[in-house]
Amino acid sequence: MNSFHVRLCRLLVVKGRALSVFATVPRCDSSSHRTVFHFSRSMATFGDQFPAKRPQKKQKEPLRRLKTKENRNKRGDVHGPSNVYVQVVGAGSRDSAATLYVFSEFNRYLFNCGEGTQRLMQEHKLKAAWLDNIFLTRLSWENVGGLSGMILTLKDTGVPECVLSGPPQLKNYLHAIKSFSGPLEDIKLSVQPYTEEMHKDETMTVYQVPIFGKSRSDRGRNSPKSGSSSPAKRSPKRDDFHHNGRGDESGERPAAVRDTSLVVAFVCKLHPKKGNFLVAQAKELGLPVGTAAIGPLIAALKDGKTIIHDGKEIRPEQVCTPTDPGPVFIVVECPSEEFVEGVCTNQQLRRYQNGEIEDSAVLVVHMTPESVLETDQYKEWMERFPSTTEHLILNEHVCTLHNTRSYKIQTQLNMIHPEIFPQLKALKAKQPQAALHVPNVRAECLLKFQLRPVMEWQRDAVPACSTEEFVKEASEVPNFLEEVEKCRKTCSAEAAELSVPGDRYPEVVFLGTGSALPMKIRNVSGTLVNISPSQSLLLDCGEGTFGQLCRHYGDDVDEALSKISTVFISHLHADHHTGLIKLLYQRQRALASLGKPFSPIYLVAPAQIMVWLGQYHDYCEEILSHFNHIPNRFLCDDAEVSKPKTHSLIQAVLKRNNLEKFRTCIVRHCKNAFACSFVHQSGWKLAFSGDTMPCDAFVNIGRNATLLIHEATLEDELEEEAVEKRHSTTSQAIGIGMKMNADFIMLNHFSQRYAKIPLFSEDFSDKVGISFDHMKVCFRDFKTLPKLIPALKTLFAEEIEEMEERRDKREQRNLRGSSNEAAGRSEVERGAKREQEEAGMHSEDNKRLKTS
């Protein structure tokens, strides 16, 4: 009866007859695992309007772990694993922070987790759900930028526990991310600070080695190099943002307790592995190979014991290969010259250089910039390791591509329209590599160093990125080249007629068009609006937005960053704002490198974002001086702006971007979710939905928009699911555009189940376009965009066919479910009728008895 009641509630919501039912959020019952991810993630937000308390389940160990333990117990193996390798995920380039993945048949580990790590692991099939431990060398955004998203994914995939090792402030970081992730009760997150030193599991023992920079007096006071006002002077008052219970009665922020002088190195020693039993030699010596008696003899010999068999002494070395004592590898970050002395004079690390006290390291991983590698002291430290030690270097001077699937799909889309789908670019190092005196290897994405069974470099997994191959593959798709030729002829004719000088701006660059979590084809939300040659505005900033800018602009990324004066954050779901901190740091760096004065950006965002940013500022790194915050609600039509400072900031935003109006409204998603619209002085208007169900308030502020960018998370047949998740379907988004009287509608924020292309609805017209990552659109392209659809449908014909098959199967299941439900209701009704008749008969019998 309960399931029928829930379905009835959903029906009422969809039909719009009782929207108040929406206050009780029904549980997602979709069979798609990714759908469950998206739902749980979209529900997790700070102060959510629709809290859903679930009973806590007893955490279970994943099947992989149970099987591993079972297999180890069967063979009685208490020694180390037989297959172990270290693999590069992010090579340390500017768009992909240095990240290592360590594999054994028993455990999986990450060393650092910068932005984009999750996306790379998904693309290259490194299973995040198998992670046991994450080691952080330093509490900087370069190292933890992708950690909040990774934790949410681990929680969603059912990982019961994950251990974070490194700086003690990791506990504060975990507390801070709960301000937007919601409670993390379904996963046990434990922090193992460097003071606990040792971590031991089935694969290896890891020793944490703390290293302190020279200057510890500057702790917590690192203001931007640009010379802007110090954080102490600029720290917001209590009234400027949502107060979180910290600070004194005067409203001043408490003193920061972050420690930027600490890095943690990790010394990893694999457990010894017993030698292999040599069957042929054992037979020659007369051992009972192939019988039940051989088991105890092998165990004794592998343990290094000499045995007596048939009066003959047999020593382990006669029938077993030598025991592998367990190689050592070291992961060290030396982020700047301030840490060189601390690294080079550290006594714990020195023990693994000369081989006298401990075995020498077979591999040293250096997460070290070129400026440090060039110092004589660091070079000498590297030379103190034996000549047999391998050195792997991860920094911005690497030459490798990470997101090859992005390059592939963009190359193929570029064949359709080179201007709307420009080729992606790669960043090139501007300085030469340091001349080192020891052999070294520069990191490449997926490069492996095998530790067992044989120590060697392996490049077979390093992804190739061949434009010729990508073009050839697309050319072999039936009818694709013909459609491309038709499209080009039509577009060329129209371009000749419509070409007007100076109509390039505004220019909209879609940096992320997917929802929930970053995937190989579509990154999460981010849309850059280049208002003029010198001014840009960013709409949402999901994880990896800066990496997308790097791939889009290449060596011109600093110029693009320097133009961004305003960032609008629609709401506090992780896929809409966790790229903000890196963008702010990189923008500061860009301004400095271009010799331009630093000025804070205008951050138009929900007031609650200050809880997260304030805690990150206090416990991790200085950030508050990088922006001036304007709460979204102050730009709503009915808002009263009482503070002169806020009023002046709003006027500054309008003036800086040459805007007449900038309006926001609350939309139907989570609590404190907003859409926005803005009108340029030249008359054009852009409306941006953020995440929302169809919303009349948004129609009002976006009326007569030149361009509407609206989320279309789900296909039309999944309207129920869209209601559950508070999103829009394709036709609903188009309907809002029609109601708004928008000149053109661009759909974005697609569910990741539509990785390459969404399903088309009957409502598509010549006023509707589909967004792709790295798509560049000007207003003059509106007539061109619908003409690209035949070529797009041909290129992705296989994917569309698969999605349509899934839709048909889903509809059949729903029909069967509906008929079974109807049959069940009929049976219940017949049963109830019989009960009533029987009750009537009993009543009649009782009357007769009384009469008698």
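Two residues are in contact when heavy atoms of one lie within 4.5 Å of heavy atoms of the other, and among contacts in this chain between residues at least 6 apart in sequence, 72% join residues at least 24 apart. The model on screen is predicted, so local features need pLDDT of at least 70 and side-chain atom pairs count only at pLDDT 80 or more, while totals for chains, interfaces and linings use all residues. Residues are numbered from 1 along each chain as its sequence is written, and side-chain values use heavy atoms, with hydrogens and water left out.

**The whole chain**

Begin with the full chain, which holds 29 helices and 30 strands; these are DSSP runs numbered from the N terminus, helices being H or I with at least four residues and strands being E with at least two. Of its 852 residues, 56% count as buried, where buried means under 20% relative accessible area, exposed means over 50%, and partly exposed lies in between (1.4 Å probe, protein chains only). The accessible surface comes to about 37,400 Å², and 50% of that belongs to carbon and sulfur atoms; the areas come from the Shrake-Rupley method with a 1.4 Å probe, and for residues only the protein chains shown count as cover.

**Salt bridges**

Side chains of opposite charge can pair when their charged atoms come close. A search of the whole structure finds 24 salt bridges, each being a side-chain nitrogen of Lys or Arg within 4 Å of a carboxyl oxygen of Asp or Glu.

Select Asp95 and Arg551, whose closest N and O atoms are 2.8 Å apart in a salt bridge. This pair links distant parts of the chain, 456 residues apart, with Asp95 in the loop between strand 1 (84-90) and strand 2 (99-104) and Arg551 in helix 19 (residues 545-553). Asp95 counts as buried at 17% relative accessibility, and Arg551 counts as buried at 4%.

Next select Glu444 and Arg459, whose side chains meet in a salt bridge at 2.5 Å, N to O. Glu444 is in the loop between strand 15 (441-442) and strand 16 (448-452), and Arg459, 15 residues apart from Glu444, is in the loop between strand 17 (456-458) and helix 17 (467-475). Glu444 counts as buried at 19% relative accessibility, whereas Arg459 is partly exposed at 47%.

**Helix 26**

Now select Glu721 and Lys725, which form a salt bridge with their closest N and O atoms 2.6 Å apart. Because they are four residues apart in helix 26 (residues 719-725), they are separated by about one helical turn. Glu721 is buried, and so is Lys725; adding Arg753 to the selection shows a network of salt bridges that links these residues.

Ala722 also lies in helix 26 and is buried, with a relative accessible area of 1%. Leaving aside neighbours within four places in sequence, Ala722 is in contact with Leu714, His727, Ser728 and Thr729. The C-alpha atoms of Ala722 and Met693, 29 residues apart along the chain, are separated by 7.6 Å.

**A negative patch**

Finish with a negative surface patch formed by Glu717, Glu762, Asp763, Glu798, Glu801, Glu802, Glu804, Glu805, Asp808 and Glu811. Such patches are made of residues with over 30% relative accessible area and no salt bridge, with like charges joined within 9 Å. One of the members, Asp763, is in the loop between strand 28 (744-748) and strand 29 (768-770), and Asp763 is partly exposed, with a relative accessible area of 37%.

Notes
Patch = residues over 30% accessible without salt bridge, like charges linked within 9 Å, V, L, I, M, F, W, Y side chains within 5 Å. Lys, Arg positive; Asp, Glu negative; His and termini not counted. Charge placed at Lys NZ, Arg CZ, Asp CG, Glu CD.
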